[in-house]
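Thank you all for coming; I would like to walk you through one part of a fold this morning. Please have the sequence and the model open in front of you while I talk.

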Amino acid sequence: FALPFPSFAAASPLTKAIPKTGEKIPVVGMGSWLTFGVGGDVSAREVRVQVLKAFFEAGGGMIDSSPMYGSSEDVIGYCLARIKDTKTLFSATKVWTPMQWYGVQQMQASQDLWGRGRFDLIQVHNLWSWEAHLETLLQMKAEGRVRYIGVTTSHGRRHVELEKIMASAPIDFVQFTYNVHDRAAERRLLPLAAERRLAVIINRPFRGGGLFRLFERDPLPPWAADIDCANWAQFFLKFIVSHPAVTCTIPATSRVDHMVENMGASRGRLPDPKIRKRMLRYLDTL
């Protein structure tokens, strides 16, 4: 089934440029942790096909996954094969193993599961054996077997090590956690990413759903309409993607209606610095 988008939905989604190349990608992508790991359950897979259809119908770009996410990559490949128009796809996965030699096999397996040829982006998941895997990824990039490379963390962990990598390693992307509640990245990571011209992917934009549990009984402020926010999901996502150093965010969902809400954040007006502060002040009153 499909749900209507707001009146501005016919417009192209908001995009931001990857600093190293200028290539633009939509500011709202899609994560797949937990939500796409449904194994061989055909009915659950068909629901995910509809979720991805809603994503692409809204002009969605980045889909982010990992071998760590169980059957998610297999399910993503299943869905992509059943969707006619996926031309806006920006494919992003990760390498997740302590062994460099196995990482090579793992990345090939991911490519086979997605069925999409080379990946747009491969990242070292949670910095695991990052030196070894970056050696492989740099060679792959030089040979044209991947377009961009990067590293990730989540849950606000390992920021000191991540800073060192961002400051010295020849990467294109970095991924970490940032949201209205977890704002430690504002102090050093986001400014450093801007300085180093790194594209920034934000994970856990809803704190694993925790932000909805905190605020779902509270009303949006009346002035949320000034930045085209119709629900809390859009409020949370627009706060994130309006930060000048953020390239995109990757909320995860297993529901079509939630996908439609999420993708609404890639339309309309974004908050300026003054409104961003107002958003935080409002949340502090709740």
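How many of the residues of strand 4 are buried? Before I answer, a word on the basis: this is a predicted model, in which local features need pLDDT of at least 70 and side-chain atom pairs count only at pLDDT 80 or more, while totals for chains, interfaces and linings use all residues. Residues are numbered from 1 along each chain as its sequence is written, and side-chain values use heavy atoms, with hydrogens and water left out.

Now to the strand. Strand 4 is mostly covered, with 6 of its 6 residues buried, where buried means under 20% relative accessible area, exposed means over 50%, and partly exposed is what lies in between, with a 1.4 Å probe and protein chains only. When I say helix or strand, I mean DSSP runs numbered from the N terminus, H or I of at least four residues for helices and E of at least two for strands. In a regular strand the side chains alternate between the two faces of the sheet. Here Phe90, Ala92 and Lys94 point one way from strand 4, whereas Ser91, Thr93 and Val95 point the other way, and all are buried.

Let me turn to the pairing, which requires that DSSP finds at least two bridges between two strands. Strand 3 and strand 4 run parallel and are joined by 3 bridges, and Ile63 has Ser91 in strand 4 as its bridge partner. Between these two strands the chain passes through helix 2, in a β-α-β crossover that is right-handed, meaning that, with the strands pointing away from the viewer, the path from the first strand over the helix to the second runs clockwise. Strand 4 and strand 5, also parallel, are joined by 4 bridges, and Lys94 stands opposite Gln123 in strand 5. From strand 4 the chain crosses through helix 3 to strand 5, and this β-α-β crossover is right-handed.

That brings me to helix 3 itself, in which Gly103, Gln106, Met107, Ser110 and Trp114 are buried. Why do these residues lie on the same side of helix 3? They do so because they cover an arc of only 100 degrees around the axis, the arc being that of the directions from the helix axis to the C-beta atoms. On the other side of helix 3, Trp101 and Asp112 are exposed. What covers the buried residues includes strand 4 (90–95) and strand 5 (119–124). After helix 3 comes Gly115, with a positive phi near 65 degrees.

Definitions and conventions. Contact = heavy atoms within 4.5 Å.
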